[in-house]
Amino acid sequence: MADPRRLFDLSGKVACVTGASSGLGRRAALTLAAAGASVVGVARREAALQSLMAELGAASGAFVVADIADRQTLGATCAAIAAPFGPPDILIHAAGVNTRQKADEVTEAGWDQTLALNLSAPFFLSQALVPAMRQKGWGRIVNFASLQTTRAFPGGIAYGATKAGIGQLTRAMAEAWSPHGITANAIGPGFFPTELTQAVFEDPQLAEKNAAQTCIGRNGILADIDGPILFLCSEASGYVTGQTLMVDGGFTAK
């Protein structure tokens with residue numbers, strides 16, 4: 001039997017992580033680099049990406065400052081992503097926005113911004129980068145779903161619509177591209193301390209209420225995402241595709 005640890009070795013692989021400037025995207029970038037991958041972080045904030053690179057090091061990390069929701073610059077963004085290490089084998093879509101507008105207060109601008117970044121960008125960026133994966137016969141796409149993929153939260157109608165869409169997008173990506181060796185899966189985080197959930201964690205009573213709704217009895221910490229990310233990006237998940245893995249402490253199980 002081969003050494004099972006080699007199933008999680010990403011040496012020689014190139015990973016692209018959107019939303020790498022903070023939160024779960026940043027954590028994913030660090031995890032993949034620790035497993036041996038060369039990582040390209042993509043986000044709009046250069047200073048935050050520079051901070052990430054200080055941890056990754058020039059040998060295993062590079063960054064691209066870009067708005068992935070801007071389709072007019074998609075070609076240039078993809079070229080920049082491939083420039084440091086070659087076209088990515090692994091693509092993680094961690095960038096996202098939550099306007100938290102109530103249903104009666106949703107604006108056209110807020111709705112369009114949410115759909116463009118949370119749902120359209122993962123598809124069109126994947127579509128642009130899949131040909132190189134297909135040529136290699138190997139690829140990993142990891143989308144970010146949410147508790148709101150299946151649950152309705154106050155002030156989450158636009159965000160929830162995009163995250164429900166991510167569930168179906170993941171299945172459709174698997175149907176389209178898995179015959180070519182490219183798996184497509186999603187991670188559905190529970191409540192983790194990130195910029196998107198800052199308002200939740202600044203309210204101790206709300207944070208405790210959310211923790212009590214999990215089976216484990218606590219909210220997530222960044223380290224909780226390491227294993228699931230590594231699993232879905234490695235050989236270990238070679239026969240897993242079209243799935244949404246809820247990393248939520250059992251929140252959606254209750």
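How many of the six residues of strand 2 are buried? Six of six, so to speak a full house: strand 2 is mostly covered. Hi everyone, and before going further, please keep in mind that this is a predicted model.

Let's stay with strand 2 for a moment. S38, V40 and V42 point one way from the strand, while V39, G41 and A43 point the other way, and all of them are buried. That fits a general pattern: in a regular strand the side chains alternate between the two faces of the sheet.

Now to the sheet that strand 2 belongs to. This is an open sheet of seven strands in the order 3-2-1-4-5-6-7, with parallel pairing. At the edges sit strand 3, residues 61-65, and strand 7, residues 244-247, each pairing on one side only. From one strand to the next, the twist averages 20°. Helix 4, residues 108-136, packs on this sheet and touches strand 1, strand 4 (90-93), strand 5 (139-144) and strand 6 (182-189). The direction of helix 4 makes about 175° with that of strand 4.

If you'd like to look at one pairing in detail, take strand 1, residues 14-18, and strand 2, residues 38-43. They pair in the parallel sense over five bridges, and V14 stands opposite S38 in strand 2.

Next, helix 2, which covers residues 46-56. Which of its residues are buried? They are L49, L52, M53 and L56. Seen down the axis of helix 2, these buried residues fall within an arc of 100°, so they line one face of the helix. The spacing makes sense if you recall that an α-helix has 3.6 residues a turn, so residues three or four places apart point the same way. What does the buried face pack against? Helix 1 (23-34), strand 2 and strand 3. On the other side of helix 2, A47, A54 and E55 are exposed. Helix 2 is then followed by G57, whose phi is positive, near 90°.

Last stop, and maybe the one you'll want to click on: the largest pocket. The volume of this pocket is about 1100 Å³. Its lining takes in 49 residues, and those nearest the centre are N98, Y159, T194, L196 and T197. Which elements supply at least two lining residues each? Among them are our friends strand 2, helix 1 and helix 4, together with helix 5 (157-177), helix 6 (198-201) and helix 7 (204-212).

That's my tour, thanks for listening!

Methods:
Residues are numbered from 1 along each chain as its sequence is written. This is a predicted model: local features need pLDDT of at least 70, side-chain atom pairs count only at pLDDT 80 or more; totals for chains, interfaces and linings use all residues. Side-chain values use heavy atoms; hydrogens and water are left out. Two strands pair if DSSP finds at least two bridges between them. Helices (H or I, at least four residues) and strands (E, at least two) are DSSP runs, numbered from the N terminus. Axes are lines fitted to C-alpha atoms, for helices over the stretch in contact, and angles run from 0 to 180 degrees between N-to-C directions. Contact means heavy atoms within 4.5 Å. Buried means under 20% relative accessible area, exposed over 50%, partly exposed in between (1.4 Å probe, protein chains only). The arc is that of the directions from the helix axis to the C-beta atoms. On a 1 Å grid over the protein atoms alone, a cavity is a set of points where a 1.4 Å probe fits but cannot get out, and a pocket is an open set with protein on both sides within 12 Å along at least five of seven lines; lining residues have an atom within 4 Å of a point. Grid points are joined across faces, edges and corners, and a volume is the space filled by probe spheres set on the points.
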